[in-house]
Amino acid sequence: MTHAVDIAILGAGAVGQLICRQLTVAGMNVGFIGRNDLESSQQVLSFTPLASADDHQQIQAIPYSVPILTADALDNIRLVIVCVKAYQVLDALSPLLKQLPSQCHILLLHNGMGPHLALAPLINAQANGRGLSLGTTSQGVLRQAPWQIKQTGQGLTQLGHFAGAELTKHYRNGLLAAIPSSEWVDTIVPCLWQKLAVNAAINPLTALYQCPNGKLAEPDFSEMIKGILDELVIVAAHDGVSLDKSFLHDRVYQVIRLTAGNFSSMHQDIAHQRRTEIDQINGYICERAQAHGLSAPVNAELWARVKQLAV
């Protein structure tokens, strides 16, 4: 007996496909939200798992099939996991809110911050159990072709409640069982600020200096990274989030070491002449600073320079 799809993923990028794979393997009923003009109701995806240290043979890609749901066929959906770029969230999700059942829960899983503040009032305005959760993942994954991904690294995934009705235990436990190294946290916003600190330090600098992450360990970058983090900690404090500056500093340099050979998403976006998420990373720090009558000159300069580069 086949069960109706009750979890939909919005955004078929690398992270969306990885989460889809993990939930599918765990036996959950998952589909991607596609366009109304789609020709096919199924899509074959290819997933190449992470090689372990003692794997000497060639790792084979695993093909698997996933339903593609049109926007007018979402009656059974109880959870939507949003994996589009941060600047796409509102435009992609807003039209769907009217078509999703009133008890459907939304989980945002993207880099950067900002969309949650605009989305929360929309969620709260809709009664009958609609809720909003937020998440962050540091799993490494590379999209090799439109429907083909390769896992490149393990990492922590943190999820937590933000607004409206809480995610039911059924889905919460399902997500935690399906996604390796995942945890449900009581307060998710500080976790997002911590991830923002890593992105704010690594993304713009690797994009501007066209370098892999590892180069940022050089002394030339230490003052810039310190300035980024100092401003972020002050702004977060005014937003009611207390962060440990030395912990953030250590975490940024740990990520730089662990991903030394990687090119950041912003580096890749610039290289491929795509829009970056700078507005939702360093730009978000500047906007929150402005909201509190503060300035964040180091982040503001990086924001402006990346915007100029991306034109």
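Here are some notes on a few spots worth finding in this predicted model.

1. **Strand 3 and its two neighbours.** Start with strand 3, residues 42-48, which pairs with strand 4 (residues 62-69) in the antiparallel sense, over six bridges. If you want one pair to look up, Val44 has Ser65 of strand 4 as its bridge partner. Strand 3 is also joined to strand 9 (residues 148-153), this time by three bridges, and these two strands run parallel. There, Phe47 stands opposite Ile149 of strand 9.

2. **Two helices side by side.** When two helices pack, people describe them by the angle between their axes and the distance between those axes. Try that on helix 2 (residues 89-97) and helix 3 (residues 115-124): their axes come within 11 Å and cross at roughly 10°. Angles under 35 degrees count as roughly parallel, so helix 2 and helix 3 are roughly parallel to each other. Helix 2 brings Val89, Leu90, Leu93, Ser94 and Leu97 to the contact, while helix 3 brings Pro115, Ala118, Leu119, Leu122 and Ile123. Sort the residues of this contact by type and you get nine nonpolar, one polar and no charged.

3. **A serine on the inside.** Is Ser133, in strand 7 (residues 131-137), buried or exposed? Its relative accessible area is 1%, and under 20% means buried, so Ser133 is buried. Leaving out residues up to four places away in sequence, Ser133 touches His105, Ile106, Leu107, Leu108, Gly160, His161, Phe162, Leu167 and Trp184. Click through those on the structure and you'll see what surrounds Ser133.

4. **A glycine on the outside.** Now go to Gly240, in the loop between helix 6 (222-238) and helix 7 (245-258). Gly240 has 69% relative accessibility, so this one counts as exposed; the cut-off for that word is over 50%. Have a look at Pro190 too: Gly240 and Pro190 are 50 residues apart in sequence, yet their C-alpha atoms are 9.3 Å apart in space.

5. **Cysteines without partners.** A disulfide is a covalent bond between the sulfur atoms of two cysteines. How many disulfides does a search of the whole structure find? The count is zero. Take Cys104, which is in no disulfide: the nearest cysteine sulfur belongs to Cys83 and is 14 Å away, whereas a disulfide needs the sulfur atoms within 2.5 Å. Cys104 is buried, at 0% relative accessibility. Cys211 is buried as well, with a relative accessible area of 2%.

Definitions and conventions:
Residues numbered from 1 in each chain as written. Predicted model: local features only at pLDDT ≥ 70, side-chain atom pairs only at ≥ 80, totals over all residues. Heavy atoms only, no water. Axes fitted to C-alpha atoms, helices over the stretch in contact; angles between N-to-C directions. Helix = DSSP H or I, 4+ residues; strand = E, 2+ residues; numbered from the N terminus. Parallel < 35°, antiparallel > 145°, perpendicular 65-115°, else oblique. Contact = heavy atoms within 4.5 Å. Nonpolar A, V, L, I, M, F, W, Y, C, P; charged D, E, K, R; others polar. Buried < 20%, exposed > 50% of the residue type's maximum accessible area, 1.4 Å probe, protein only. Pairing = 2+ DSSP bridges.
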